[in-house]
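Please open the model in the viewer and keep the sequence panel visible. The tour below proceeds by selection, with a short account of what is found at each stop.

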Amino acid sequence: MDRDKTSAAASAELAEEMAALLAAIARDGDRTAFARLFGHYAPRVKSYLRRLHVEERQAEDIAQDVMLTVWRKAGQFDPAKASAGTWIFTIARNRFIDTVRRERRPALDPDEPMLLPEAPRPADDSMAAGQIGARVHQAMSALPPDQAEVVALSFLEGLPHSAIAERLDIPLGTVKSRLRLAFGRLRAVLEDLQ
């Protein structure tokens, strides 16, 4: 019975000491405190990882990464929420899970068509598209302004006919009529493009 009390008291004392070390790291960047914390937890974290079947070298790398995280984030430790050990082993567990997920993710295939950049358009296609665009622009500029306006609202802004009528404060039938007249003129001018 006395042995249990002694052990519990020693555990509580150790927990307080480790919390104080974390506070010193957070407050002062205390390297001595970190060395003490590292000496206590790094081998335990590595053993924990080895029990999870992590290879020796990788367990050592993860343990060092965990302790580096402890150094960087010591200010986030809250002794009211958990003990230093619980906090550090939570970081270790999360780092282990991240490592396993990363290893299970298949490697990217550099020949995957979705990953390849789009092939550049042939120069003659680009030139032809530019010429067509210039002809359409010229044909649009030859339209009467009221027809050009409804065409622009319909095709450039993508507005439905009712919205165009509302915006221009004209009847819906007028919008449709102007569009029909505009398309007739455009079709006649651009007929050879079809």
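Select His 53 to begin; His 53 sits in the loop that runs between helix 2 and helix 3. Helices here are DSSP runs of H or I with at least four residues, strands are E runs of at least two, and both are numbered from the N terminus. The model is a predicted one, in which local features need pLDDT of at least 70 and side-chain atom pairs count only at pLDDT 80 or more, while totals for chains, interfaces and linings use all residues. Residues are numbered from 1 along each chain as its sequence is written, and side-chain values use heavy atoms, with hydrogens and water left out.

**The loop between helix 2 and helix 3**

Most residues other than glycine have a negative phi. His 53 is not a glycine, yet it has a positive phi of about 70°. His 53 is exposed, its relative accessible area being 74%; buried means under 20% relative accessible area, exposed over 50%, and partly exposed in between, for a 1.4 Å probe and protein chains only.

Next, select Val 54, which lies in the loop between helix 2 (31-51) and helix 3 (56-73). Is Val 54 buried or exposed? Val 54 is buried, at a relative accessible area of 6%. Show its neighbours: leaving aside residues up to four places away in sequence, Val 54 touches Leu 49, Ala 59, Ile 62 and Phe 96. Contact means heavy atoms within 4.5 Å. Then add Val 100, which is 46 residues from Val 54 along the chain; the two C-alpha atoms are separated by 9.5 Å.

**Helix 6 against helix 7**

Two packed helices are described by the angle between their axes and the distance between the axes. Select residues 145-156 for helix 6 and residues 161-168 for helix 7: their axes come within 10 Å and cross at roughly 130°. Helix 6 is therefore oblique to helix 7. Axes are lines fitted to C-alpha atoms, for helices over the stretch in contact, and angles run from 0 to 180 degrees between N-to-C directions. Angles under 35 degrees count as roughly parallel, over 145 as roughly antiparallel, 65 to 115 as roughly perpendicular and the rest as oblique.

Which residues meet here? From helix 6 come Glu 149, Val 150, Leu 153 and Ser 154, and from helix 7 come His 161, Ile 164, Arg 167 and Leu 168. By class, the residues of this contact are four nonpolar, two polar and two charged. Ala, Val, Leu, Ile, Met, Phe, Trp, Tyr, Cys and Pro count as nonpolar, Asp, Glu, Lys and Arg as charged, and the others, Gly among them, as polar.

Keep Ser 154 of helix 6 selected. Ser 154 counts as buried, at 14% relative accessibility. Not counting residues up to four places away in sequence, Ser 154 touches Leu 159, His 161, Ile 164 and Leu 179.

**Bringing in helix 8**

Add residues 172-190, which form helix 8; the axes of helix 7 and helix 8 come within 8 Å and cross at roughly 110°. Helix 7 and helix 8 are therefore roughly perpendicular to each other. In this contact, His 161, Ser 162, Ile 164 and Ala 165 of helix 7 meet Leu 172, Val 175, Lys 176 and Leu 179 of helix 8. The contact has five nonpolar, two polar and one charged residues.

On the connection between these two helices, select Asp 169, found in the loop between helix 7 and helix 8. Asp 169 is not a glycine, but its phi is positive, at about 55°. With 71% relative accessibility, Asp 169 counts as exposed.

Now hide helix 7 and view helix 6 with helix 8: they pack at an angle of about 95°, with their axes 9 Å apart. Helix 6 is thus roughly perpendicular to helix 8. Among the residues that meet are Val 150, Ser 154 and Phe 155 in helix 6, and Leu 179, Ala 182 and Phe 183 in helix 8. This contact has seven nonpolar, two polar and three charged residues.

Finish this stop at Gly 184 in helix 8, which counts as partly exposed at 33% relative accessibility. Gly 184 and Glu 149 are 35 residues apart in sequence and 15 Å apart in space, C-alpha to C-alpha.

**The whole chain**

Zoom out to the full model. The protein has eight helices and zero strands. Its C-alpha trace spans about 100 × 45 × 30 Å along the principal axes. Buried residues make up 28% of the 194 residues.
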